[in-house]
Amino acid sequence: MILDLTQFDKPQVYKIDDIEIHTLKGVLHRVDGPAVMAPTHQEWYTNGKLHREDGPARVFHKAPDGNVRICEWWVDGKYILQGQLDQETFNKHLHKVEK
């Protein structure tokens, strides 16, 4: 992967085999979806930190059927334990991901 320094301040998208990576200013970053998309998982990053406020920031799938195996919640690079989420929020986002 080669970083295009002439476009450093603009969003970049890199594809390596079947993985898509979104960056801004040299760090993982995307505001409208996961910054890392692979057949086995998706990860949401903001300014180089795992971050997502409307669902889990890491979603790992079983291949090839796509069923969710593991979800991790992260905000501003900090891991959020399931017990720190109210159950209604946890269930709502878990069901969105499973669909």
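What percentage of the 99 residues in the chain is buried? Buried residues account for 36% of them, and this tour visits several of those residues together with some that are exposed. The model is a predicted one, and the values that follow are to be read as computed from it.

**The whole chain**

Begin with the entire chain in a cartoon view, where one helix and ten strands can be picked out. Following the sequence, the order of elements is β-β-β-β-β-β-β-β-β-β-α, so that the ten strands are passed before the helix is reached. If a surface is then switched on, the accessible area of the chain comes to about 6800 Å², and 52% of this belongs to carbon and sulfur atoms. Among the contacts with a separation of 6 or more, 11% are made by residues 24 or more positions apart.

**Strand 1, strand 2 and the turn between them**

Select next residues 12-16, which form strand 1, and residues 19-24, which form strand 2. The two strands run antiparallel and are joined by five bridges; one position worth marking is Lys15, which stands opposite Glu20 in strand 2. Together they make a hairpin with two residues between the strands.

Now centre the view on Asp17, which lies in the loop between strand 1 and strand 2. Its phi is positive, about 55°, although Asp17 is not a glycine. Is Asp17 buried or exposed? With a relative accessible area of 77%, Asp17 is exposed. A distance label drawn from the C-alpha of Asp17 to that of Ala38 should read 9.4 Å, for two residues that are 21 apart in sequence.

**Strand 2 and its other partners**

Keep strand 2 selected and colour its residues by relative accessibility. Five of its six residues are buried, so strand 2 is largely enclosed by the rest of the structure. Besides strand 1, two further strands can be added to the selection. Strand 3, residues 27-28, pairs with strand 2 in the antiparallel sense over two bridges, and Leu28 in strand 3 is the bridge partner of Thr23. The hairpin of strand 2 and strand 3 has two residues between the strands, and Lys25 there takes a positive phi near 55°. Strand 4, residues 36-37, is likewise joined to strand 2 by two bridges, and the two run antiparallel.

Within strand 2, pick out Ile21, which stands opposite Val36 in strand 4. Because its relative accessibility is 16%, under the 20% limit, Ile21 counts as buried. Which residues does Ile21 touch, not counting those up to four places away in sequence? They are Gln12, Val13, Tyr14, Ile16, Leu28 and Ala35. A label from Ile21 to Glu43, C-alpha to C-alpha, should give 9.6 Å, with their positions 22 residues apart in sequence.

**The largest nonpolar core**

Select Ala35, Val36, Trp44, Tyr45, Leu50, Ala57, Val59 and Trp74 as side chains; these eight residues make up the largest nonpolar core. In soluble globular proteins, nonpolar side chains tend to be buried together. From this set, take Ala57 and show its surroundings: leaving aside neighbours within four places in sequence, Ala57 is in contact with Gln42, Glu43, Trp44, Leu50, His51, Arg52, Glu72, Trp73 and Trp74. Two of the residues in that list, Trp44 and Arg52, are worth displaying together, since the charged end of Arg52 sits over the ring of Trp44, 3.8 Å from its centre.

**One aromatic pair**

The count of aromatic pairs comes to one. To see this pair, select Trp74 and Tyr79, which meet edge-to-face, with 5.4 Å from centre to centre and 65° between the planes. The two partners can be set side by side for accessibility: Trp74 counts as buried at 17%, whereas Tyr79, with a relative accessible area of 41%, is partly exposed.

**A last loop**

Finish at Asn47, in the loop between strand 6 (45-46) and strand 7 (49-50). Phi of Asn47 is near 50°, a positive value in a residue other than glycine. With a relative accessible area of 53%, Asn47 is exposed.

How values were computed. Residues numbered from 1 in each chain as written. Predicted model: local features only at pLDDT ≥ 70, side-chain atom pairs only at ≥ 80, totals over all residues. Heavy atoms only, no water. Core = buried A, V, L, I, M, F, W, Y, C linked by side-chain atoms within 4.5 Å. Buried < 20%, exposed > 50% of the residue type's maximum accessible area, 1.4 Å probe, protein only. Contact = heavy atoms within 4.5 Å. Helix = DSSP H or I, 4+ residues; strand = E, 2+ residues; numbered from the N terminus. Areas by Shrake-Rupley, 256 points an atom, 1.4 Å probe, with all protein chains shown as cover. Phe/Tyr/Trp six-rings, centres within 6.5 Å; stacked < 30°, edge-to-face > 60°. Lys NZ or Arg CZ within 6 Å of the ring centre and 35° of its normal. Pairing = 2+ DSSP bridges.
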